[in-house]
Structure formats: structure tokens, C-alpha cells
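Please open the model in your viewer and follow the stops below in order, selecting each item as it is named.

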Number of protein chains: 2
Amino acid sequence: MAKDKKQPRPKAETPKGFRDYFGSDVTERKRMLDRIAEVYHRHGFDPLETSAVETVEALGKFLPDVDRPNAGVFAWQEEAVPGGGTAGDWLALRYDLTAPLARVAAQYRNDLPSPYRRYAMGPVWRNEKPGPGRFRQFYQCDADTVGSGSVAADAEICAMLADALEAVGIARGDYLVRMNNRKVLNGVLEAAEVDTDRADDVLRTIDKFDKVGRDGVLALLTTGRRDESGAQIEGVGLSEAQAAPVLAFLTSKGADNAATLDNLRAAVGVSQMGAEGVDELSQMAGLLSAMGVAEDRAVIDPSVVRGLGYYTGPVFEAELTFEILDEKGRRRQFGSVAGGGRYDGLVERFTGQKVPATGVSIGVDRLLAALRAKGLAGDEAAGPVVVTVMDRDRMADYQAMAADLRAAGIRAEVYLGNPKNFGNQLKYADKRGAPVAIIQGEDEAARGVVQVKDLILGARIAAQASLDEWKSQPAQTEVARADLVAEVRRILG
Amino acid sequence: MAKDKKQPRPKAETPKGFRDYFGSDVTERKRMLDRIAEVYHRHGFDPLETSAVETVEALGKFLPDVDRPNAGVFAWQEEAVPGGGTAGDWLALRYDLTAPLARVAAQYRNDLPSPYRRYAMGPVWRNEKPGPGRFRQFYQCDADTVGSGSVAADAEICAMLADALEAVGIARGDYLVRMNNRKVLNGVLEAAEVDTDRADDVLRTIDKFDKVGRDGVLALLTTGRRDESGAQIEGVGLSEAQAAPVLAFLTSKGADNAATLDNLRAAVGVSQMGAEGVDELSQMAGLLSAMGVAEDRAVIDPSVVRGLGYYTGPVFEAELTFEILDEKGRRRQFGSVAGGGRYDGLVERFTGQKVPATGVSIGVDRLLAALRAKGLAGDEAAGPVVVTVMDRDRMADYQAMAADLRAAGIRAEVYLGNPKNFGNQLKYADKRGAPVAIIQGEDEAARGVVQVKDLILGARIAAQASLDEWKSQPAQTEVARADLVAEVRRILG
């Protein structure tokens, strides 16, 4: 049938929830990550780049014993590739950088130094509903220390995080690393004689502290409360006496670390576990001080509850304290850009051995957005100098000009489109963000000169100048061909 | 059943054909790619990072109208994710960086500058049989100019390729960019009056030029030949008179570009197409010369046949001309590390419009292997200074030492494992490639001094020195705590 012959053209589209990064999208992120990597490197962390693809078995969160692994990851079954994978095995794209670290720490446990400090930066994939600013592929940037149970490892990561934020350009005073400890909360629950089977409910409740505040949490811990819609939300059922130390814990931040630690000691009462947690926080504060990281950079803050359910000891969070305008033009604090803490069982599922670990993950997109909001992401990489083409037969002359500029370290290119319409060449230079255009027609070539057009000054003049000023073309200079590089350099400053 | 409870532990393994990159694997490649990117940037090329996942429809090589796309790519069908992809759509990991460029050039054709110069660096995935040095995920590094039909674009890419090789450390004289042109071959076939339906057979045959040489190709173009096993291989069936210009073409390299161009002009005879090809080569040579790229860096070489079948105009290949020892200890030329050329139809499948394009792809793993073979990949990044822990209670002092070193720009870390066994700490320092270890016990702390151990000198002495020399410990110095940074700096040179 004739119909079969006419294949419809394929759609030129990224899959839903995926995106492309162009030019400064790439270089600004790269510059930020390079600076973070430099800090991590200086702290003795080594880079690790695992494959994007893992067996579903090793990824762990998803079991291969069902027909199709759970949603949340992009997974597929191996086909029979001779010498390749075993047909039927499930493979998947990594959904974070921690699961691959666990696999690596187990696979290479006899070869890696112990403790093993590593950092990793790269894309991860989530098969989830995309939304504004939410993509199915995005970057993560992690640093972890595997194999050390010492709080010195946690303190080091907090100090490193503060250094990393400064390295990317966040000023001291514009960020704060806040630290808390799961053991303190456990101690509080012990002191309050809360049944262990209610601990999870308490954790879920204090997680709402940021949203509902002190009184809201008190209500939720005890008899419940009505939410805004008027619906009654059931309480955890603690007595007021039991809820009191939990609230004391959450609100125990004092004027400085010493005061906070005093408050926490009171909150945990006689609990052994709690005392241990307070002691760990105290040690971390001491270590940070020894490393030159004062309380204006990293501070104990028991209101940090995010992650308390997941982590087993110290938890920490970096937040940016300056205000930005949100989408609706309201001023608000920028908020959290990184979080982490201590966790167990990383390697255990593979080897049966408990290996202590602690780590931090920086939200790459959020931090980059913060730098942009503060005008700090700026890529020096401006557009190239564009050498225009007046005379198609003298392409070699134009290429020589661009080569001379490049040899002087100046980004430069020759216009390679159809040179017939000169206006198109200037439009192109504009689209490229070119700071300077070079022009040499037959006449100029005969006289051994070039026209150097300052496009940035030109744009300014075009916006402001009178017609007479504009006609005098102060933004365009004729110089000897031999002075081309010097003149461009002068304009670029 | 009790049996159900005992889940087997997952295997800690990369999927077959995938690998992890550790430490200098990552940093050496990154340094190489950063240097290449700098050259590309200076030539006006912009970075592009497309998503790893594409629709199979956009990737093109594989059609979604079968139950399962062809092998060769990792592909899977979208599940129904609310607001996400459409269930049933096929997605796949990109298998190169050109197919995504085609999609981008079509998708953003109204927004991108034209011509569009872009470079891309990143992993690609092939669902193929892995082998030694052959992985199912590997890096590619491409630069392409889309939308220019001018050979100035091809010449620019050849010049840029030569610059890039020098930027990563390959000395002038150790590489050569060799250029050829498909149109010249077409012209030769025209001059030889070879039927167009035999052109493909001729292309396949001359592709064996490197292997079977002049006489072998002559035999294969005419009546056929016996291979080493004695089997008769059928010839293309050209007459000797027809084969002669093809051989003349392949062997027309003269003492310099001018001589080669003369030979090629003779080989193409009166063919219009051939004359055009020779003219293009001549223009490219002139442009390269204008850009300061002499024939010892980029030269016309009609024996470059790789890619002649695929590309439509200029083709080029960069080869490293120095010798290395292969796996079997034999000396051999390193060979090709990059190739490219001009191609059509990049965007055409999406839009119906022909868009001329030219580009080059550097074999990342091969080039890195070459740098390693020449001792040029070396990562300055040595292991960190390791501050050992003699006294667990003075962790803050040790962390302060590491912080002081880092503040002076020196990579440093505190040992975070169990400090009980000091021998383990030195073993750890060894595994980390540490140049220096710092030791401060109770006694040293009381006296305000530290021991600074030069591990590199120590290793040399251990290998060479007499027992007496060794006992005198010249590799270990005691300095005041305040002089720690200065002493470490002295040792590191």
C-alpha cells in the first residue's frame, strides 16, 4: 500500500520530564561542582564514578521477584546478549548515589582504604511524576565517609560543607550548618517513658514542627488537633508530662552551643542514650571549633528534625539564610540546600557486617538556583568575538584573524553561515552574545586595516544616544590589521 | 515456611559489561576533557548536555513498531506514571551523542544560532557484547557544526582537533590529522565509469586497503583473491583499466599537499564531482595554513578511507604517530584517536529540511590510554597528608592540624579508623598514597612538637639503606607545632 511508504516523521522531543542543558546551564553547574570537588579533594575525599546502570538486586529498594519492579526507577529486563547479561535479569538506572556506594563498599571492601572517604557527582534517575522544576533526571552531589564510627567524621563533613558553600561563593553569614542528633531524641523518649512502638508516631509528629509550631506539636503528641479545614487529626496519645520533654528538646536552642547543650542535658534526664547523644553533639561542637569553624557557621540546633527518622546519630542540614523573592514576588528565606547524617546498614545487606557511615548530599539544582538568585553563578564565559565575512573568497584571511585572537587567549570564531546578507551576520553575533565583531571588506583589505565593532558599547549607545551621536559610530574603530588583537583586548578590558 | 524468611543476600556486583571509576580514573579523564573543552570553547563552541534518556522514536535507528526494539540499545517501555510518560512509549539510553544532537537541532531550530557550534562530553550506552576494554557504558567527546556547508567549518574542526591534542599534552610531531574527501572518490568512480550500484562494493573493498595493501585491493577490485586460509574471495569485477584510477586515488599521497593535489587532479580526470572534491581539499589546506596549522599537523592523505562510506564530503582522522608496546610487548604505532567528517540528513528525518553538518568524535578511552602510555595523564593529585591519632581524646588537636594544612592549600585528613593499632594507621597512609604522616603522642603534645614523617623518602630509604641508616630515621623530623605547615610544605617541595 502506498500508505505504508509514507512514514510519519519522528517527533523531535525530549521524553516527558527530561531536559537538555545549553551553554551556561552546563558551565555554571560545572564551575560550581568543580569548586565543591576541590574542597572535598583537599579534605582527603576521592572521587568515585559508578556506572549509571545497576542490577535491581544490588539497588535493593526494589525486588526482582515480581513481574515488574516497583515504580520509582527506570528498569528493564536483560535480553540475551551473547557474552553480555543473563537474559531476564533486571537492570535499572540508579535513583541516588548512596545505593551504588553501598554496592561499591561491599564489592571492593578488601581493596578500599578504611575508612573510605569518597565524593560522587552525577545524574540520577527517578521514574516519577515530573512537575515544574521536577525532572526525571537530575544531579546529585554526595560526600560520605564509610567505615568510621567516630563523630570526628561527622564534624569533618559539617566543616567541609561550610567550606564548600563558601567556595562556591556563599558569604559567611549567608549560610548556617545546623546539627542535631537522633540519640538525643531517643533519650528524650526514654526519659518520657514513651513506648518504643509509639516512637515512629512521635517522629512523624515532630517532623511537622516547622509547619504547625510548638503548640501544634503539643496537641498532636497528646489529644490531637483540628487542622485548617476543620478536620480532627488524631493525637499520638502521650500525656502532657510525656510530651513536655519532647517539646523541651525541640525548643532547647539557647544563645550558644553551651546553653543549648545545657538545655538538652536537662531534656534527656537520666537516659543513658540521651546523654550519649548530647555528648556527641558536644564533641562535634568542640571539633568544629578546633577546625576553626565557629558557631556562626555550624551550630547545634535541636529544631532540625528532617532526617531524624532516617539517620541513627548526628544529622545536619545546611540552610541559606538570605532572603529571595519567590515566584509570587514574596520575600522568603532561601532555606535548605544540603542535608545528611549518620546511618548504619549501608553495607550490611550485602555482607552481613554492620559498617558505620556518615555523609551529606548537596541539592545541586537548589544551590545553583541560589547562586543565580545572588548573581553568583555568572559564567565569565561571554560569547565569542565574531569575525564577519564580507568577501567569501577571503575566508582564509578571516580564519587567520580568528586564529590570531585565539592564540592570544581570546574566544573567537568566523561566521560560517551564508555571508550574503550582512545584517544576518550581525544578528548572529547578537544571538551569540558576541562582545566584538570584526569587519574587513575589500576596501579595508586593500588598505591593510580592519573595523572593530564594540557591540556592548554599541548596544548601550543604541539605547541612549541621539541620532547624531549614533551616526558618528563611536563604537566602531578602524585599526591596522596588525593591531587587531591589541584593539580587541583593549575593548574586552 | 522458615525458608522464606532467609532471603539470600544480594550480590555486590556491577552488571556485566559495566564498571566503576575510582580516584585518578575520574580525575585524569576529567582533566583531559577539561582541557579539550577549553580549546573547543575558545573556538566558539558551546557545551550541550542532553538527557541520557531519549524516546526510541527520536533516536531513530530503532523503530517502535515491533514488540521490542532491536538489540543494540537499552530500551524499555514507559509505565503509566500519572503526569509522566505515556504508557507503552519506548524510551532508551542514548547510544551516541550525534542522535541527540539531531533531535536538539530540530527541536530548537528556531532558537539556536545558525550555524550552531556545539560540543558534548558524556557517557553513552550500548547493549552489546562486552569484552576486554569494551564496556556497555563509555564516554564520548564530540564537536559538531550544524548548519554550515562551508569547508571552512571542516577546516576549523581539523585545526581545533590538532589544538586539542596539543592541549592534552601530545607533542607536535606525535600526532597527525589526515584529511580526505568522499567527493574525490566519487569523482574517481565516475572517471572510471564504475556503475553506481557497484560503488558500495568498491567502498567496502578500499576499506581493506590498510589490511591487504595495494595489490590486495587491486585483486579484490577486479577478479578476486585468495585469503590466507586459501579461500577464494570474489572480486568486484572491475576491469584493470577501471581499477587503476581507484588505486591511483588511494596511493596519490605526494611529498606535500601540492603534490598530492596534483596526483588527485590526475586521478579524477574530467569528473566534475571529483574536481569539486579536490578543490575542497585544496581549500581546506589553504585555510589550515592561514590558521597557522602546517602540514606537519594536518595533511591531505587519500589513504584515509575509514568513514568514506558514511560521510558525504571531507573526512578526517587524527592519529598518534608514536610507538607503544602492545599487550604482547610488540612495538606498534598507537594509531587513530579521533575521526569525523561531513554528513547530511542530520535534521532531515525530523523536519524534512536538509541541514549540512560536520563534526569530530574523540575516542576518550583511547586518548586517555595514549596519555597514560606516554606518562602524560599523571594526576598531580597525590594522596593526602595523614594526621595519625595517638591519643583518641585529643582528636580536636589532630583535626586542627589537618585544618591548618588545608588552609595552606595542602590536602590533609585525620585518620578516622580505630586508632588502637598504630601500624594500621601507617598501612592506611600507605594505601592512601600519603606523602607525609603527622604523629603527635602525649610526650610530643606536652613539649609542643609534632613528628613529621616523609613517607616517600622513607620508602626509598627502606628499599636501599643499611640497618644503621634506617635506625637513624632521617625521614622523620621533629618540629614545633607552630612549624608544622612550613615543614610539610618543605617536604612536598
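Begin by selecting Glu78(B), which sits in the loop of chain B between β4 (75-77) and β5 (90-93); bear in mind throughout that this is a predicted model. Is Glu78(B) buried or exposed? Its relative accessibility is 6%, and because buried means under 20%, Glu78(B) counts as buried. Now add Arg136(A) to the selection: the side chains of Glu78(B) and Arg136(A) make a polar contact, at 2.6 Å.

Next, display both chains and superpose them. Chain B can be laid on chain A by a turn of 180 degrees with a shift of 0.0 Å along the axis, giving an RMSD of 0.0 Å, and the two copies are thus related as by a two-fold rotation axis. To find that axis from the side of chain B, select Trp76(B), whose C-alpha, at 2.8 Å, comes closest to the axis of the residues of chain B. If you then colour the interface, 99% of the interface residues of chain B turn out to be interface residues in chain A as well, so the copies meet through the same surface.

From there, move to the largest nonpolar core, which has 130 residues and in which Ile36(A), Tyr40(A), Leu367(A) and Ile438(B) touch the most other members. Helix α5 of chain A (residues 151-167) supplies the largest share of this core, with twelve residues. Centre the view on Tyr40(A): leaving aside residues up to four places away in sequence, Tyr40(A) touches several residues, including Phe45(A), Tyr119(A), Met160(A), Ala164(A) and Ile362(A).

Finally, select Val479(A), Leu221(B), Leu264(B) and Met284(B), which are among the 129 residues of another core, lying apart from the largest one.

Notes: Residues are numbered from 1 along each chain as its sequence is written. Chains are lettered from A and ligands numbered from 1 in the order in which they are written. This is a predicted model: local features need pLDDT of at least 70, side-chain atom pairs count only at pLDDT 80 or more; totals for chains, interfaces and linings use all residues. Side-chain values use heavy atoms; hydrogens and water are left out. Copies are superposed by least squares on the C-alpha atoms of residues with pLDDT of at least 70 in both. Contact means heavy atoms within 4.5 Å. A nonpolar core is a set of buried Ala, Val, Leu, Ile, Met, Phe, Trp, Tyr and Cys residues joined through side-chain atoms within 4.5 Å. Buried means under 20% relative accessible area, exposed over 50%, partly exposed in between (1.4 Å probe, protein chains only). Helices (H or I, at least four residues) and strands (E, at least two) are DSSP runs, numbered from the N terminus. A polar contact is a pair of N or O atoms within 3.5 Å; within protein, one must be able to donate a hydrogen and the other to accept it, and residues adjacent in sequence count only if both atoms are side-chain atoms.
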